[in-house]
Amino acid sequence: KELPYRKRRDIARNWLKAVGLHDHMSKLPHDLSGGQKQRVAIARALAVSPSLLLADEPTAALDSGTGREIVSLVKRLALEQNCSVLMVTHDSRIHDIADRLLYMEDGRLISSKV
């Protein structure tokens with residue numbers, strides 16, 4: 001069932017606030033930085049209250065500080081929403097944030113660390 005416009009707007013505003021973009025609501029996508037665009041993507045994905053969030057290279061094209069900030073934000077918000085996150089990344093700089101790591105090579109699982 002589709003939600004009324006005001007309810008959808010309020011949900012969007014709350015999620016933009018949750019990802020630290022409340023002051024950027026009137027900006028267009030081309031006015032946002034790469035990190036800000038990733039934050040919008042996180043808000044959009046979590047706004048529907050998923051039980052599982054799939055993230056494919058969420059730190060791609062971001063500097064290491066911003067990438068770490070984005071992954072920490074995903075983890076915090078997902079925990080608050082009781083949402084599991086499956087993240088695929090080649091960015092070894094953020095591995096310490098994960099609860100569990102699975103390593104694949106040529107499409108096969110080669111190791112697992114908890």
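This report describes a strand hairpin and two pockets in a predicted model.

**The hairpin**

Strand S3 covers residues 101–105 and strand S4 covers residues 108–113. The two strands pair in the antiparallel sense, and five bridges join them. One of the bridge pairs links Leu101 to Lys113 in S4. S3 and S4 form a hairpin in which two residues lie between the strands. In this turn, Asp106 has a positive phi of about 50°.

**The two pockets**

The table sets out the volume and lining of each pocket.

| Pocket | Volume | Nonpolar residues | Polar residues | Charged residues |
|---|---|---|---|---|
| Largest pocket | about 880 Å³ | 16 nonpolar | four polar | three charged |
| Second largest pocket | about 180 Å³ | nine nonpolar | one polar | two charged |

The largest pocket has a volume of about 880 Å³. It is lined by 23 residues, of which Leu86, Met87, Ala98, Arg100 and Leu101 are the closest to its centre. Helix H3 (64–81), strand S2 (84–88) and S3 each supply at least two residues of this lining. Leu101 therefore belongs both to the pairing of strands, where its bridge partner is Lys113, and to the lining of the largest pocket.

The lining of the second largest pocket includes Gln38, Ala41, Ile42, Leu53, Asp56, Pro58 and Val74. Helix H2 (34–46), strand S1 (52–56) and H3 each give two or more residues to this lining. H2 gives the most, with five residues. Helix H3 thus appears in the description of both linings: it supplies at least two residues to that of the largest pocket and two or more to that of the second largest pocket.

Key: Residues numbered from 1 in each chain as written. Predicted model: local features only at pLDDT ≥ 70, side-chain atom pairs only at ≥ 80, totals over all residues. Heavy atoms only, no water. Helix = DSSP H or I, 4+ residues; strand = E, 2+ residues; numbered from the N terminus. 1 Å grid on protein atoms, 1.4 Å probe; cavity = no way out; pocket = protein on both sides within 12 Å on 5 of 7 lines; lining within 4 Å. Points joined across faces, edges and corners; volume = space filled by probe spheres on them. Nonpolar A, V, L, I, M, F, W, Y, C, P; charged D, E, K, R; others polar.
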